Amino acid sequence: MTALLLGAAGVAAGTWVGGWVALPVAGAFAGAWQGWRLRRNASTSRLRGPAATAALAGTAGWAVLLLAGTVRGPVAEVAHLAGGVLGGLPGAAFFAVTLLFAGLLAGTGGGAAGALVQLATNAAPASRQGE
Amino acid sequence: MRPLLRLVGWSAALAVVLVPASRRSGPLPALGPLLDPVHGVWNAAYSAELPESSSATVPGLGDSVHVVYDDRRVPHVFASTSSDAYRALGYVVARDRLFQMETQTRATAGTLSEVAGEALVEIDVEVRRLGLAEAAKRDFEMLDRDDPQLAEALQAYADGVNAFIGDLSPGDKPFEYHLLGADPAPWAPVHTFYLLKRMGWTLAFAPVELLKERVAARVGPQAADALFPADAPIREPIVPHRGARWVGAHVPPPVFPDPGEVSSASGFPRPESPSPVLGSNSWAVAASRSASGNPILAGDPHLSLTLPSTWYEAHLVVTGEIDVYGVTLPGVPGIVIGFNRDVAWTFTNTGADVLDYYRERLDDPDAPSRYLLDGEWTPLTMRVEHFRGRDGAVIRSDTVRSTHRGPVVDVDGEAMSLRWTVLEGQNELRSLMDAAKARTVDEWLDAMSAWHAPAQNGLVAGRDGGIAVQSAGYFPLRPPGARGDSVQDGTTRASDWLGRTARFPVAKNPSQGYLASANQQPYDPDAEPDYLGADWPEPWRALTINELLRYRASHSAAELEAYQTHPTSIRARTFRASFLTVVDQMAEQGRVAPKVAEAAGMLEEWDGGYDPANERAVLFETAMEALEDGLWDELAVPGDDRRTATPREDILWLLLGQPNSPWWDDRRTPATEDRDAVVAEALTAALDELRREHGPEDGGGWAWRNFGQHNIHHLLRLPPLSRLRLSTASGPGLLNPMSGTGTHGASWRMVVELGDQMSARGTYPGGQSGNPASRGYDDRLTHWVAGELEDLRFPRTEAELRAAGLVRAKLVLTPPRP
């Protein structure tokens, strides 16, 4: 949960400051965190793997931003227009595409980072044994 | 091994997602920047409405400028100097219409492919061959020397636009830029001239000589002259002369060429495109014909209807110098149509023939470098144009050739050069700026003397009681005997223009107490026989408005407003009567088929109206189409349901008076038809078609709302951003006109009463905002569709507007701190 919350906050803050590239970056941090926790605590559910955690964080982070956006202007109208222009999608589908994209990008970033952590933590005991 | 494989797998998946996230994929822009909830397309939601209070810094300002937006989102610009006012106008127009400004500039410069990709490169090629942007650059380069004050105004406006662009964060750019994955380009002062050239292209590119050549190839030159005459048979000129006159004339029969002589190019020319209704209305009543005793002016220019709209409303105030309200073209630092405290003005297109084609002889048809002139091979001027794609790479090159007259173009496989006033020196902006400051009708007319192209009928009314109309523009002075409605010989300088005509058609304070202009022939040819143009727009709107104004002693502003959407037309009255007369005559002779009588009975029930609920207008229009189809079979293109050209309806009126003319014979049938047979067939066909496709006549399927629809497309023709199938009380020949596609119509309706206080109402089909997510994108459409105008706010000060409780938002523009 910590990784998810921190990841979502990172995605939201990172997007606000730096744009969409925050998705894979914050997703990678969330994934790495979760991957490290998994290594330390084997009882942690596999459903909360690095990729899933990061994907959820990405989706949640952008969902929060869109929700906050509704206070600032007609977000649903933009979804309707943009969805219509880009392939005749209904507004709800454009919301879904946006959140799916966020989940995919953050999730793949998180998956890669989690795998890297796993590789590194696997290698570390081996190298210590070699000493 | 498995952790490594997992790392490789996830990395590959990340890379796969990152590609469409960061790069364009076909028509889709990069998804990352597009979908970003803060900086992407969603940002359009956050800038949809104006903040109540905002400020910005604009380089070059001499003092702070207060911009107060009223309840209709119109900016009232209060500035200390005119330069500051134009700077602020650039900023506020860009704030609402930046994408439109850039798109229309690129459409003239031939650089659309740089933002929209290769699909539009052919449009760019066509535009650059005409040389509009080159002509704009030439004019602009002369400006520093000829009119430094205007050059300064253009620079100030550009500074304002660029200050707005400079303030934009990547996410703040307008909606369409996100969709295209593009960024706004800086605005240059010359871009204003591009837009003026584009207006010239829209309003003054009417190659009647090519039309007549194509028709002559089908039916002979005499017939072509009669079908597309220089003088309108039905006359109600702009410069008043003996009222309305319907001048009958014999239409010579078609003469068909020997099939052996007909080449595929000239014998079966390309069919015409659907012709839009491009015209405008304007009228003014003098104090003597006004119910209130104040002059009243009404205007509604008809143009292609788009979203965002062609026009943008604004009010500029510079104490002691400018106080002008009206509509501007986004990108032009000035009010084009509007009013100040003393005069009001509007325009209709003159439609004069200001474009001539010359048939050239070139040394090499494939790669010409010289043209024959007075017996000598003369070098062509050549310019190589490069066209770039989205990534900046050259995707196409083209060599544009010109003679001393103008660009060489391919016309049905022949090389022709063209000379066109729009491509020659211009200073329309000077006219507009001076017109905005005019205190009297005479001062306004003087201001318009600098107007060059496109030729416009400027109608003005003054608070001093005067009214006037002047067809301002550069009218070619051709060699003796030469007319612009035939292609000229390009091999001799004897064909060249000699200069410009010295006289403009003008009428001032006529005894009839009113003036009206609806693109009709400006002069009655009996009063002024000089050639000014040919194939003038049809006379119906001019006849209708003259009739409305003539037969009532006085008119109120509310009545003039109602006339703009008057529900019937003289066209409908004329041809309905023709149908019924022919059927009556046939009935007297006992040769009316029951179905013809039935259709005629329905037309008799018709009140001539085109309101959305009317169930008879469609029968009339369908019968008119069938009548023209039966009449103009000689101009039909084999294998195509279109015609080479369709003569004006006043030629149809002439032929209805010649029942045995050979034109009535439909050569596609073995029988020999006369007028009565074609009229009967048209009524029968119309009735059958409507019942077959739209059900019984009183079942709702015939309601005009199903046919009379306006379609207002977004500039990119994106349906979600367009407003389509709008049922309006409009139709062919009405003062509120509509073409077949419904894409043209009244682009700005305005009525101004010039009393002690100016009182004005207006509206246009769209809204001030270019942001499709904004309420201001189309908030005026409801009024426009209903034919209603809104009160225009014309405060002298910000406090006046504030006291009336009409302030919606405020923007303060300040100079940068030293």
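**Strands, cores and a chain contact in a predicted two-chain model**

B:Val285 stands opposite B:Tyr514 in strand E26(B). This is a predicted model, in which local features need pLDDT of at least 70 and side-chain atom pairs count only at pLDDT 80 or more, while totals for chains, interfaces and linings use all residues. Residues are numbered from 1 along each chain as its sequence is written, and chains are lettered from A and ligands numbered from 1 in the order in which they are written.

Back to that strand pair. E26(B) covers residues 514-517 and runs antiparallel to E6(B), with four bridges joining the two. Strands here are DSSP runs of E with at least two residues, helices are runs of H or I with at least four, and both are numbered from the N terminus; two strands count as paired if DSSP finds at least two bridges between them. E6(B) also pairs with E7(B), residues 296-304, again in the antiparallel sense, over six bridges. In that pairing, B:Asn281 has B:Asp300 as its bridge partner.

E6(B) itself spans residues 280-285, and six of its six residues are buried. Buried means that 20 or more other C-beta atoms lie within 10 Å of the residue's own, exposed means 12 or fewer, and partly exposed is anything in between, with C-beta atoms placed from the backbone. In a regular strand the side chains alternate between the two faces of the sheet. For E6(B), B:Ser280, B:Ser282 and B:Ala284 sit on one side and B:Asn281, B:Trp283 and B:Val285 on the other, and both faces are covered.

Elsewhere in chain B there is an open sheet of four strands, ordered E18-E19-E13-E23, with mixed pairing. E18(B) (408-411) and E23(B) (488-489) are the edge strands, each with a single partner, so one side of each has no neighbour in the sheet. E23(B) runs parallel to E13(B), residues 355-359, and two bridges join them; B:Arg359 is opposite B:Asp489 there.

Helix H14(B), residues 428-436, is another covered element: eight of its nine residues are buried, so the helix is largely enclosed by the rest of the structure. Among the buried ones are B:Glu428, B:Arg430, B:Leu432 and B:Met433. The buried residues of H14(B) pack against three helices, H8 (148-167), H10 (190-204) and H15 (441-447), plus the strands E10 (322-328) and E12 (343-349), all of chain B. Contact here means C-beta atoms, placed from the backbone, within 7 Å of each other. B:Gly499 makes a counterexample: it belongs to strand E24(B), residues 499-500, and counts as exposed because it has 10 C-beta neighbours inside 10 Å. Its C-alpha atom is separated by 39 Å from that of B:Glu753, 254 residues along the chain.

Zooming out, chain B has 24 helices and 33 strands. Its radius of gyration is 28 Å, close to the 28 Å of the globule rule for 818 residues, so chain B is as compact as a globular protein of that length. The radius is taken over C-alpha atoms, and the rule is 2.2 Å times the number of residues to the power 0.38. Along the principal axes, the C-alpha atoms fill a box of roughly 90 × 75 × 65 Å. Buried residues come to 53% of chain B, and 70% of its contacts with a separation of 6 or more link residues 24 or more positions apart.

The domain assignment, with bounds from an automatic or database source, gives domain 1 (29-201) and domain 2 (570-607 + 613-706) in chain B. Their C-alpha centres lie 49 Å apart. The largest nonpolar core (buried Ala, Val, Leu, Ile, Met, Phe, Trp, Tyr and Cys residues joined through C-beta atoms within 7 Å) has 277 residues, and B:Val77 and B:Leu683 have the most contacts inside it. Helix H4(B), residues 82-109, supplies the largest share of this core, 13 residues. Both domains give residues to the core, so it lies between them. Leaving aside residues up to four places away in sequence, B:Leu683 touches B:Phe579, B:Val596, B:Ala599, B:Ala600 and B:Ala623.

Chain A has five helices and zero strands, and 54% of its 131 residues are buried. The contact between the chains takes 33 residues from chain A and 31 from chain B. H5(A) gives the most to chain A's side, with 13 residues. That side divides into 20 nonpolar, eleven polar and two charged residues, where Ala, Val, Leu, Ile, Met, Phe, Trp, Tyr, Cys and Pro count as nonpolar, Asp, Glu, Lys and Arg as charged, and the others, Gly among them, as polar.

Key. Two residues are in contact if their C-beta atoms, placed from the backbone, lie within 7 Å.
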